[in-house]
Amino acid sequence: MSKQDITFPSKYDKTLLIPIDRTRERQNLNIEWKDSAFYGIDKWTCYEFSWLNLKGKPINKILYISYPSNTPFFVESKSLKLYLFSLNNEKFSSEDEIVQLIKNDLEELIQGPLTLELTNNAKILSPDFHSIDSLHVNIPKSVDVDSRFLKIRDKEVSAELKTSLFRSLCPVTSQPDWADIFIKYEGKEVDEESLLSYLISYRNHQAFHEQCVEKIFIDLLSVCELSSLVIQANFLRRGGIEINPIR
């Protein structure tokens, strides 16, 4: 195996941050953006967050980042990881100082308001919904994402469903991204086998986390007769960062 050099930033560098324009993928989904299109939040949990106090002692915390889905841009996850790494050897006089620096940098990038929080313990972000993982489904090997999987029944229900079988692919690295998907809805009953088949069809679909959740949201609204809908994705930690888009 050949040796590969991997360079990590040794000093603070906000130019490491890469913005992703939300507009292009929303155009592909026929979303004409306006404030009332849907409400959403992008939540990030950064576990491997550390900096130095003025005496050079490391301070380790969990960093929570959240911002609304109507910002023109969202941050690319690998660039955020490298940006946070660039703060590891920087000295700060207080938590407020480093929080304000990150807030300023990220708000400049996403062009919108952002909330930050430092904690010592992880929060529980997984709703206690009914799992559909045990259902028997037959998925064609070469299937791509197809909303025609979705079927409804002539019955009004209120449901809270989840699956841990979701996988998509990173559009930058093609690495797999695993997630628990939580769906809460009211309206015509969505056939659970068809819903699981639809969600599994993302297995080789290349898209950012936020884009996957918005496509699921739009497809369910377009195909199913729903009066209310909430979708949350808890993507598994990669590079010390978990991403939890909610729409």
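**View 1. Residue classes in the lining of the largest pocket of the predicted model.** Nonpolar residues account for 15 members of the lining, with six polar and six charged residues beside them. The lining has 27 residues in total, and those nearest the centre of the pocket are Glu76, Ser77, Lys78, Lys81 and Arg238. The volume of this pocket is about 520 Å³.

**View 2. Secondary-structure elements that line the largest pocket.** At least two lining residues come from each of strand E4 (73–75), helix H2 (77–85), helix H5 (209–223) and strand E10 (241–246). H2 gives the largest share, four residues.

**View 3. Helix H2, its N-terminal cap and its buried residues.** At the N-terminal end of H2, Glu76 acts as the cap, with a side-chain oxygen 3.2 Å from the backbone nitrogen of Lys78. Glu76 and Lys78 are also among the residues nearest the centre of the largest pocket. Within the helix, the residues Ser79, Leu80, Leu82, Tyr83, Leu84 and Phe85 are buried. Their cover includes strand E2 (41–52), strand E3 (58–68), E4, helix H3 (95–110) and E10.

**View 4. Surroundings of Asn121 in the loop between strands E5 and E6.** The loop that holds Asn121 runs between strand E5 (115–119) and strand E6 (130–131). Asn121 has a relative accessible area of 59% and is therefore exposed, the cut-off being over 50%. Beyond its neighbours within four places in sequence, Asn121 is in contact with Ile62 and Tyr64. Lys61 lies 60 residues from Asn121 along the chain, and 8.3 Å separates the C-alpha atoms of the two residues.

Technical notes
Residues numbered from 1 in each chain as written. Predicted model: local features only at pLDDT ≥ 70, side-chain atom pairs only at ≥ 80, totals over all residues. Heavy atoms only, no water. 1 Å grid on protein atoms, 1.4 Å probe; cavity = no way out; pocket = protein on both sides within 12 Å on 5 of 7 lines; lining within 4 Å. Points joined across faces, edges and corners; volume = space filled by probe spheres on them. Nonpolar A, V, L, I, M, F, W, Y, C, P; charged D, E, K, R; others polar. Buried < 20%, exposed > 50% of the residue type's maximum accessible area, 1.4 Å probe, protein only. Contact = heavy atoms within 4.5 Å. Polar contact = N/O pair within 3.5 Å; in protein donor to acceptor, adjacent residues only side chain to side chain.
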